[in-house]
Amino acid sequence: MSTKVAAAVGGIVLLAAAGGGAALYFTGGDLSFEQPVVESVQTDFGTVTEESTGVETEVVVTNPNNQSFPGAASLDYQIYMNSVRVSDGSEGGIGLDPGRNVINFTAQLDNSRIPAWWVTHVNNDERTVVSTQARVGVAGFGASLPPQNRSIETDLLGAFTNDSSSTVAIADREIMSVSNQRAEWGTADAEETPIAFSVDLSNVHDRDVRLDGTEYRIVMNDVVVGEGRTNDSIVLEPGESDTFTANAALDTPRMEQWWVTHLRDSQTTDLRVEVFGLVRDDGELKRVPLNVFDRRIRFETDFLGDEPTQVTELPAEDGVAPEFGEPEVTDTTSRWGGVTEDTTEIITSVDVRNPNEGEFNDLLSLRVNQTTTVNDVPFARDTSTVEELPAGNSSFTISALADNDAVPRWWSRHINNGERSTVVTAASGTADIAVTTLPVDLPDRRTTQETDILASIESEENRAVRTEGGQRVLTILDTQAEWGESTPERAPLLVTAQVRNEQVAPITIERLDYVVDLNSVTIADNSTARSYNLGPGATRDITFRIYLDNQKMDEWWPTHVRNDEVTRMTTNTTAVVDTPDGTRRATFDIFGNGTTIETDFLGTKGDADDGSGTDGSASLAPPPTAATAD
């Protein structure tokens, strides 16, 4: 900004421009005077207050005449920034001595006009012309000096542009790549100055990434010139890319405060822009400590000089977003809960260490999926969510309902697999931090259950077969058993007994009647259809095909769990035999009796597998020793 001032007294005042100076020509009577010449104009900012900014001007005028011009001249001036008049005033009593004259005056720039100027600066592509206009009056005559114009350009939008790419990581997992940061002004007005910050985002995570809004803050020399929230949102599926734009705004009236700080800091401003993501959590928008736009620049101007505007990029501050640590599950244990005829509850206690505090922890919820299979047959499945996970060490419980209808399916596989069952409880965890989800490792639990019902049947001990009247008719010398191919409907059991006829006459075994109970549930109640003949004193092998009703195993299961996974197997087996004395019913114990089956499906009675394959085996107590033959 510059002002050229010249003053003189005389009769008629004429104004002309010559070279770099301005001159006044004087004529009067018979006298002729050479015009005084404005040699230079120097301006600088002076005292800056909250209300006004002093513009100090020094004008050097050379009077080539030997005659002085007393202080009869006056000066009126205006200062414009673009079309906005920011200052006006007048100086009177100006005089010129022969030779070099220095004229000093101070104009007051009205700071309240800065917001209006800012609007024109932005809407004019960040260009401003600072114009000083003056008029000199002498003895009732006046003339305007040529306007002094200074063009100022800034390029804040260019400073916001950043072509480099960076990666956003949470808990050492890369989530998004951010590239091509840029900004664009909207049309400014007296209330606000719209500015849109745009970035290109790519989801490099294997789960969705979403933002439901933004929260922004724009600071110029510690003056918050813009802050607020937007509803701009984006959802990126894995591998998807898109442009995300946050439509922010500066508060135009606050530019008056910024102006004061800018001049007091030698026309230097540190500009900081931060845009954080918002996510909707429980119906409320909450801030994610995750920057989607972060720029820091310094710009220096020279409003009254010839130096161009300088813009320098400043490094981003460290620690803008707090670290997020994945919750760590340190232990899980399971136990049986409520048991009904239809379902069996599995209650799992989870010990977890949550290293997070603050903003991320306020958004954190933990979702746990738990599936229990027995011999690859789905047995229980449930998803539980822990909405509030305190920082540090804590425990929570989740439950899943096992479907008792699945028991016949896995039990038939148990038999076909050599009376062996593999119980796997697989758990997967997901930490939901609203903007995305992260997997949480949970250990699987594995136990192996074995029974040996065949062992309770097989025996080499002699067992007497007596009628109801106590007559000994047969002796069972040896018993062997094997399973047939089991289905969810039934389990064939082939029992082969070596039998000796103790009578001196032939005996016919007409049929075998059998009842098998597991706890209070009858799983077999039927008769064999095949008959066998034995001559006097003869010994032969006879085979009975017995069917156990697997469909009853879902009734047995609740009794087993309620009894602390202990089952007592009882049998009642009789044979109908034809003897010389008539048809008689005789005890025919080929199953053994009083066998106890104990399991540990959840691995709570011993050391269960933590994922390494350790078995938690069932135990089978042998039946009481059968009575031997005499």
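1. Ile170 touches Ile175, Leu290, Phe324, Phe360, Ile433, Val435 and Leu438, when residues up to four places away in sequence are left out of the count. The structure is a predicted model, and the points below should be read with that in mind.

2. Ile170 also belongs to the largest nonpolar core, which has 97 residues, and it is listed with Phe160, Ile195, Phe197 and Trp259 as having the most contacts inside that core. Strand β21 gives the most to this core, with 6 residues. A second core, separate from this one, has 58 residues, among them Val423, Ile457, Val521 and Ala524.

3. One of the residues touched by Ile170 is Leu438, and Leu438 lies in strand β29 (residues 437–440), where both faces are covered: Thr437 and Pro439 are buried on one side, and Leu438 and Val440 are buried on the other. As a general matter, side chains in a regular strand alternate between the two faces of the sheet.

4. Strand β29 is joined by 4 bridges to strand β28 (residues 420–432), and the two run antiparallel. Within this pairing Gly429 stands opposite Val440 of β29. The two strands form a hairpin with 4 residues between them, and in the turn Ala434 has a positive phi of about 75°.

5. An open sheet is formed by 5 strands in the order β17-β16-β20-β21-β22, with antiparallel pairing. Its edge strands are β17 (223–230) and β22 (310–313), each of which pairs on one side only, and the twist from one strand to the next averages 20°. At the β22 edge, 4 bridges join that strand to β21 (residues 284–300), the two running antiparallel, and Arg298 stands opposite Thr312 in β22. Helix α3 (residues 255–264) packs on this sheet, where it touches β16 (213–220), β17, β20 (268–281) and β21, and the direction of the helix makes about 140° with that of β17.

6. Helix α3 also meets helix α1 (residues 114–123): their axes come within 8 Å and cross at roughly 95°. Since angles of 65 to 115 degrees count as roughly perpendicular, α1 and α3 are therefore roughly perpendicular to each other. The contact is made by Ile114, Pro115, Trp117 and Trp118 of α1 together with Met255, Glu256, Trp258 and Trp259 of α3; by class, it has 7 nonpolar, no polar and 1 charged residues. Trp259, which takes part in this contact, is also one of the residues with the most contacts inside the largest nonpolar core.

7. A further helix pair is α5 (residues 407–416) and α7, which pack at an angle of about 90° with their axes 8 Å apart, and that makes α5 roughly perpendicular to α7. Here the contact is made by Val407, Pro408, Trp410 and Trp411 of α5 and by Met553, Asp554, Trp556 and Trp557 of α7, and its composition by class is 7 nonpolar, no polar and 1 charged residues.

8. Helix α7 (residues 553–562) is itself mostly covered, with 8 of its 10 residues buried. The buried residues are Met553, Asp554, Trp556, Trp557, Pro558, Thr559, His560 and Val561, and among them Met553, Asp554, Trp556 and Trp557 are those that α7 brings to its contact with α5. Just after this helix, Asp564 takes a positive phi of about 60°.

Notes. Residues are numbered from 1 along each chain as its sequence is written. This is a predicted model: local features need pLDDT of at least 70, side-chain atom pairs count only at pLDDT 80 or more; totals for chains, interfaces and linings use all residues. Side-chain values use heavy atoms; hydrogens and water are left out. Buried means under 20% relative accessible area, exposed over 50%, partly exposed in between (1.4 Å probe, protein chains only). Two strands pair if DSSP finds at least two bridges between them. Axes are lines fitted to C-alpha atoms, for helices over the stretch in contact, and angles run from 0 to 180 degrees between N-to-C directions. Contact means heavy atoms within 4.5 Å. Angles under 35 degrees count as roughly parallel, over 145 as roughly antiparallel, 65 to 115 as roughly perpendicular and the rest as oblique. Ala, Val, Leu, Ile, Met, Phe, Trp, Tyr, Cys and Pro count as nonpolar, Asp, Glu, Lys and Arg as charged, and the others, Gly among them, as polar. A nonpolar core is a set of buried Ala, Val, Leu, Ile, Met, Phe, Trp, Tyr and Cys residues joined through side-chain atoms within 4.5 Å.
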